[in-house]
Amino acid sequence: MSVRKITAKITGVGKALPEKRLTNADLEKMVDTSDAWISQRVGIKERRIAAEGEWTSHLASRAAADALKMSGLTADQIDLILVATSTPDTVYPSVACLVQKELGAIHAGVLDISAACTGFIYGASLAWGMIKAGLMKHVLVVAAEVNTSIVDWKDRDTCILFGDGAGAAVFSECHSDTDGILSIKLGGDGNYGELLELPNSGCRVYTDESGNKLGRYIIMQGNEVFKQAVRNMAECAVCVLDRAGLTTQEVSLFIPHQANTRIIEAVAKRLAVPAEKVFVNIANYGNTSAATIPIALCEAFEQGRVKKGDVIVVDAFGAGLTWGAMAIRWA
Ligand code: ACO
């Protein structure tokens, strides 16, 4: 008698976005930029902005509740809550603790993950590992950001790029040799950490040449980040497909991190994945960091672009540097 492998599949997805929209036209009034520049160079039309008093934990809890509802589980069945974020309400309590409290997930362990825009895939890998090892049955992975709290609204290089939002997925045990999560690859290179930094976000003090403390705002060498993103995202996607014994022709939907349409197009070109199989929603939300992948996965599902048997590859890149990809056969 053959025994099928224990693996994990996604049983619920959810998302939460603030109501308030900030359009390119609004930004034209704030910095020296234009709708044409932002649309052509980045692909963003508008982004959502958290209201005053709307924190990462609020968005995370809403997305998590949605994902839980779709999974058909009750909160007390969740064994672990992982929240990927670079903009927690506080370092402690963690956002995962706040989500646990909000949901009433009384049996869940709780942990925040710091892997910038790749955080959701790092969370998915931990969920998969725990479930495959037989230690847990249901893991809730949330990615949530209030990026607008770490954006310098006077810096046109960065303030046009980011938005706020949250996405979530429930990973549940299943027994299958062919379905659910097929492979995951994680990567990183601390040698390039200075390409994308959030100064004064920890115990290290950042100052300018005159010794004045810098603001707690994203600073980025955009061109270099761009090149690293294209190379590592493409290699990572190839790696997960190899590990799953699949080719790019077998991919039903490619969901890349939504940082820049030109990065997405360059990665898709390297992989030879046609545009109609690439999910892009950056125009509506901008770069929501860790949350772009689960928000996109949720929207793809809502739009009927994710069906049973489909091969989905998600692929992210972020500060650190960090990168990661995951191949799934939707079950
Ligand atoms: N509006 C108008 N002009 C602008 C703006 C703006 N908002 N920003 C820059 N420019 C100007 C520059 O000053 C420059 O002018 P110059 O030629 O007179 O010097 C010109 O536009 C070109 O600037 P570049 O920086 O070379 O523009 P580029 O095409 O590289 O686009 C961008 C910049 C959008 C930041 C791009 O490099 C990018 O997307 N990089 C990757 C971002 C990313 O992936 N981040 C990682 C994820 S985020 C995370 O992990 C938290």
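**Figure 1. Pro93 and its cis peptide bond.** Pro93 lies in the loop that runs between β4 (80-84) and α4 (95-103), and the view is taken from a predicted model. The peptide bond that joins Tyr92 to Pro93 is cis, with an omega of about 0°.

**Figure 2. Leu321 and a second loop with a cis peptide bond.** In this close-up of the predicted model, Leu321 is placed in the loop between β12 (311-318) and β13 (322-329). Gly320 and Leu321 are joined by a cis peptide bond, for which omega is about -5°.

**Figure 3. Ala272 in the loop after α8.** Ala272 is found in the loop between α8 and α9 (282-285). Although Ala272 is a residue other than glycine, its phi has a positive value, near 60°.

**Figure 4. The ligand and the residues around it.** The space that the ligand takes up is the largest pocket, and 25 residues surround the ligand there. The closest of these residues are Thr33, Cys117, Asn223, Asn260 and Arg262. Sorted by class, the shell around the ligand consists of 12 nonpolar residues, eight polar residues and five charged residues.

**Figure 5. Polar contacts of the ligand.** A polar side-chain atom of Thr33, which is one of the closest residues to the ligand, lies 2.7 Å from a nitrogen atom of the ligand. A nitrogen atom of the ligand also has a polar side-chain atom of Asp157 at 3.4 Å. On the backbone side, a polar atom of Ala319 is 3.0 Å from an oxygen atom of the ligand. The ligand taken alone would expose 1000 Å², and the protein buries 74% of that area.

**Figure 6. Helices and domains that contribute to the shell.** Four helices, namely α2 (35-41), α6 (156-159), α7 (222-244) and α8 (261-271), each supply at least two residues of the shell around the ligand. Among these helices, α7 provides the largest share of the shell, which amounts to four residues. Seen at the level of domains, the shell draws at least three residues from domain 1 (6-177) and at least three from domain 2 (181-329), and the ligand that these residues surround takes up the space of the largest pocket.

Technical notes:
Residues numbered from 1 in each chain as written. Predicted model: local features only at pLDDT ≥ 70, side-chain atom pairs only at ≥ 80, totals over all residues. Heavy atoms only, no water. Near = heavy atom within 4 Å. Polar contact = N/O pair within 3.5 Å; in protein donor to acceptor, adjacent residues only side chain to side chain. Areas by Shrake-Rupley, 256 points an atom, 1.4 Å probe, with all protein chains shown as cover. 1 Å grid on protein atoms, 1.4 Å probe; cavity = no way out; pocket = protein on both sides within 12 Å on 5 of 7 lines; lining within 4 Å. Sits in = over half its atoms within 2 Å of the grid points. Nonpolar A, V, L, I, M, F, W, Y, C, P; charged D, E, K, R; others polar. Domains from an automatic or database assignment.
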